[in-house]
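Here is a friendly walk through one protein model. Have a look at the picture first, and then we'll go through it piece by piece.

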Amino acid sequence: MPTTVFTHRYTVAPGSLSQRRFLENVTVIFADLAGFTQLCRQYGDMFTVNLLDDLFWQLDTQCQHYNIHKIKTTGDGLLAISGAVVADGCTLYCPDPAQHRVRNSISFAHSILTVTQLLSARYGVMLQMRIGIATGPVIIDCLGRFKQQPDIWGNTVNCAASLEQSTLPGTIRICPVTRRLLTEVS
């Protein structure tokens with residue numbers, strides 16, 4: 001599937017240059033730790049933050065292994081993409097076919113579930129992630145004036161978030177586009 005990249009450069013404030021990009025066929029992965037509030041209440045802040053540090057350290061390693069780009073952590077969650085890399089404010093498109101990126105995203109999601117099982121045993125607590133994956137167009141940019149961080153927006157992002165929120169703990173839910181691309185690989 002060809003990828004179209006539209007770059008709009010514009011001045012958002014004196015001396016500030018933003019580079020907004022529209023990318024098609026990006027796979028968005030949302031993962032969220034189920035029962036996080038209860039975990040904090042039951043085990044306290046220091047235990048929970050240590051556990052989260054261990055979790056995200058290991059997920060960062062998995063991101064590298066599967067060629068997934070972490071956009072950000074959101075407290076007890078992760079937002080990542082496959083199909084674009086954001087470095088130094090520049091968006092670099094991944095040349096791998098969409099089917100391969102989807103397969104890597106699904107493999108990454110399974111590794112998230114494996115990592116949480118291992119950490120459950122290590123910490124002696126029940127940990128489960130909910131994961132939503134959607135593929136489609138996104139907009140990538142750094143907004144604001146200070147401490148700019150790349151972020152993504154669009155219906156694909158909203159779809160992945162909705163899939164994550166509506167799935168059961170310990171499971172992965174994917175959108176129809178991701179499913180179709182996954183079956184094209186098989």
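What percentage of the 186 residues of the protein chain count as buried? The figure is 45%, where buried means under 20% relative accessible area, exposed means over 50%, and partly exposed is in between (1.4 Å probe, protein chains only).

Before going further, a word on ground rules. This is a predicted model, in which local features need pLDDT of at least 70 and side-chain atom pairs count only at pLDDT 80 or more, while totals for chains, interfaces and linings use all residues. Residues are numbered from 1 along each chain as its sequence is written, and side-chain values use heavy atoms, with hydrogens and water left out.

**The overall layout**

The protein chain has five helices and nine strands. These are DSSP runs numbered from the N terminus, with helices being H or I of at least four residues and strands being E of at least two. Follow the sequence along and you get the pattern β-β-α-α-β-β-β-β-α-β-β-α-β-α. Take the contacts (heavy atoms within 4.5 Å) between residues at least 6 apart in sequence: 66% of them join residues at least 24 apart. As for the outside, the protein chain exposes about 9800 Å², and carbon and sulfur atoms supply 54% of that. Such areas come from the Shrake-Rupley method with a 1.4 Å probe; for residues, only the protein chains shown count as cover.

**Along helix H3**

Helix H3 covers residues 98–123, which makes 26 residues. The expected span of a helix is 1.5 Å times one less than its number of residues. For H3 that gives 38 Å, and its end C-alpha atoms are 37 Å apart, which agrees. Just after H3 comes Gly124, with a positive phi of about 70°.

Two serines in this helix are worth a look. Ser105 sits in H3 and counts as buried because its relative accessibility is 0%. Leaving aside residues up to four places away in sequence, Ser105 touches Thr27, Ile29, Ile68, Ser82 and Ile133. Ser107 is also found in H3, but Ser107 counts as partly exposed at 26%. Ser107 and Tyr66 are 41 residues apart in sequence, yet 7.4 Å apart in space, C-alpha to C-alpha.

**Rings that meet**

A pair of aromatic rings is described by the distance of the centres and the angle of the planes. Here, rings of Phe, Tyr and Trp (its six-membered ring) pair if their centres lie within 6.5 Å; planes under 30 degrees apart count as stacked, over 60 as edge-to-face and the rest as tilted. By this rule there are two aromatic pairs. One of them is Phe47 with Tyr123, an edge-to-face pair at 5.6 Å centre to centre and 85° between the planes. Phe47 lies in helix H2 (residues 45–66) and Tyr123 in helix H3, so the pair ties together parts that are 76 residues apart in sequence. Phe47 is partly exposed at 24% relative accessibility, and Tyr123 is partly exposed too, at 23%. Together with Tyr43, Phe47 and Tyr123 form one aromatic cluster.

**Charges that pair**

Side chains of opposite charge can pair when their charged atoms come close. A salt bridge here is a side-chain nitrogen of Lys or Arg within 4 Å of a carboxyl oxygen of Asp or Glu. The structure holds six of these salt bridges, including the ones below.

| Salt bridge | N to O distance |
|---|---|
| Asp32 and Arg130 | 2.9 Å |
| Asp54 and Arg122 | 2.7 Å |
| Arg180 and Glu184 | 2.9 Å |

Asp32 lies in strand S2 (residues 16–33) and Arg130 in strand S7, so their salt bridge ties together parts 98 residues apart in sequence. Asp32 is buried at 15% relative accessibility, and Arg130 is buried at 17%. Asp32 and Arg130 are also linked with Glu164 in a network of salt bridges.

Are Asp54 and Arg122 buried or exposed? Asp54 is buried at 15%, whereas Arg122 is exposed at 54%.

Arg180 and Glu184 both lie in helix H5 (residues 176–185), four residues apart, about one turn of the helix. Arg180 is partly exposed at 37%, and Glu184 is partly exposed at 42%.
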